[in-house]
Amino acid sequence: MLTDLNEIKQRLQTIKTFILDMDGTIYLGNDIFPYTHRFLDRVEETNRSYYFFTNNSSKDLQAYIDKLDKMDIPITKEQMMVSTDVILEYLSSHHPGAKLYVVGTPALLRAFTTAGWTLDDEDPDVVILGFDTTLTYEKLSKLCTFIRHGKTYYGINPDLNCPVEGGEFIPDCGSIARCVESSTGVYPEFFGKPSRRTLDYIVKATSLKPGEIAIVGDRLYTDIAVADNSEVLSILVLSGETKKEDVPKSKHQPDVMVDDIGVLADLLE
């Protein structure tokens with residue numbers, strides 16, 4: 001991990017774009033951090049760009065664009081990436097024409113149907129678990145039954161918890177997957193951070209070399225882990241889930257650690 005400020009500044013000079021996590025990094029729930037705009041302005045002032053990538057699969061692309069717009073952060077669709085995008089790209093090349101059973105919110109289901117997929121809760125070819133804040137026992141039971149019958153099973157994002165206002169957390173997709181695993185003995189392949197498929201997706205979408213990309217986030221096992229064994233710069237912020245005392249115990253170590261992106265803004269030259 002880089003700790004010398006001059007070394008950090010020197011490494012940041014090679015960065016052309018920042019891939020920013022959302023919850024815990026630029027806001028908590030509906031509360032934007034007071035330093036977020038200053039960071040984004042500084043990125044643009046130094047002729048860099050930024051994208052947002054959220055593992056939260058409970059909402060669709062437009063919902064995040066609208067949320068950012070309400071926070072006075074207008075972006076293009078190209079600047080917004082959701083973990084759902086990664087699995088949609090994979091399904092197109094590996095399961096063309098498949099019927100899907102998706103456990104997720106109405107917004108997540110719309111993301112699949114809008115992309116042209118057929119949803120089938122009777123005899124699907126592939127079953128997919130997302131971050132479902134509308135989860136019911138019926139949906140959970142049906143998912144487990146399909147898995148026991150040998151259906152191909154994927155998860156969208158592996159996050160165990162989702163941070164909300166007041167420093168609290170709610171169970172995320174990874175926690176639901178643990179429940180399913182307890183019943184079926186099967187744990188899915190995930191497509192959001194830290195999947196290598198996500199890193200490949202980001203590199204392709206930005207058209208940059210890995211060494212020119214920095215991923216910024218508040219979780220060691222997703223935001224930081226996604227950059228493991230790559231030239232992508234990983235930057236941990238302590239404004240969300242991860243606390244400073246958690247870092248030495250983790251197998252995923254950030255290249256840079258700062259309190260928040262406000263501090264990071266001061267390091268950009």
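A residue is called buried here when its relative accessible area is under 20%. With that cut-off in hand, strand 6 (residues 99-103) is a good place to start in this predicted model: 4 of its 5 residues are buried, so strand 6 is largely enclosed by the rest of the structure. The notes below begin with the whole protein, move to the sheet around strand 6 and the helix beside it, and finish with some individual residues.

**The protein as a whole**

- The protein has 10 helices and 15 strands, and 56% of its 269 residues count as buried.
- Its radius of gyration is 19 Å, which agrees with the value near 18 Å for a compact globule of 269 residues.
- Along the principal axes, the C-alpha atoms fill a box of roughly 60 × 35 × 35 Å.
- Take the contacts between residues at least 6 apart in sequence: 67% of them join residues at least 24 apart.
- The accessible surface comes to about 12,000 Å², and carbon and sulfur atoms account for 48% of that.

**The sheet around strand 6**

- Strand 6 belongs to an open sheet of 5 strands with parallel pairing, in the order 7-6-8-9-12.
- Strand 7 and strand 12 stand at the edges of this sheet; each has a single partner strand, so one side of each is left without a neighbour in the sheet.
- On one side, strand 6 runs parallel to strand 7 (residues 118-119), and 2 bridges join the two.
- Leu100 is the residue to look for here, as it stands opposite Leu119 in strand 7.
- Strand 6 also pairs in the parallel sense with strand 8 (residues 126-129), over 4 bridges.
- Within that pairing, Tyr101 has Val127 as its bridge partner, and Val103 has Leu129.

**Helix 5, between strands 6 and 7**

- Together, strand 6, helix 5 (residues 106-114) and strand 7 make a right-handed β-α-β unit.
- Which residues of helix 5 are buried? They are Ala107, Leu108, Ala111 and Phe112.
- These residues cover an arc of only 145 degrees around the axis, which puts them on the same side of helix 5.
- As background, an α-helix has 3.6 residues a turn, so residues three or four places apart point the same way.
- The buried residues of helix 5 pack against helix 4 (83-94) as well as strand 6, strand 7 and strand 8.
- Just after helix 5 comes Gly116, with a positive phi of about 95 degrees.

**Backbone spots to check**

- Some background first: most residues other than glycine have a negative phi, and most peptide bonds are trans.
- Asn47 has a positive phi, near 60 degrees, although Asn47 is not a glycine. You will find Asn47 in the loop between helix 2 (36-45) and strand 4 (49-54), where its relative accessible area of 72% makes it exposed.
- Asn229 is another residue other than glycine with a positive phi, of about 60 degrees. Its place is the loop between helix 9 (220-224) and strand 14 (233-237), and Asn229 is exposed at a relative accessible area of 82%.
- The peptide bond from Lys193 to Pro194 is cis, with omega near 15 degrees. Pro194 lies in the loop between strand 12 (189-190) and helix 8 (196-206).

**Two residues and their surroundings**

- Is Arg219 buried or exposed? Arg219 has a relative accessibility of 5%, under the 20% cut-off, so Arg219 counts as buried.
- Arg219 sits in the loop between strand 13 (213-217) and helix 9.
- Leaving aside residues up to four places away in sequence, Arg219 touches Asp159, Asn161, Cys162, Pro163, Asp172, Ile224, Leu236, Glu241 and Thr242.
- Ser175 is in helix 7 (residues 173-184) and is partly exposed, with a relative accessible area of 25%.
- With residues up to four places away again left out, Ser175 touches Asp159, Leu160 and Asn161.
- Ser175 and Phe131 are 44 residues apart in sequence, and their C-alpha atoms are 9.2 Å apart in space.

Notes
Residues are numbered from 1 along each chain as its sequence is written. This is a predicted model: local features need pLDDT of at least 70, side-chain atom pairs count only at pLDDT 80 or more; totals for chains, interfaces and linings use all residues. Side-chain values use heavy atoms; hydrogens and water are left out. Buried means under 20% relative accessible area, exposed over 50%, partly exposed in between (1.4 Å probe, protein chains only). Two strands pair if DSSP finds at least two bridges between them. A crossover is right-handed if, with the strands pointing away from the viewer, the path from the first strand over the helix to the second runs clockwise. Contact means heavy atoms within 4.5 Å. The arc is that of the directions from the helix axis to the C-beta atoms. The radius of gyration is taken over C-alpha atoms; the globule rule is 2.2 Å times the number of residues to the power 0.38. Accessible areas come from the Shrake-Rupley method with a 1.4 Å probe; for residues, only the protein chains shown count as cover.
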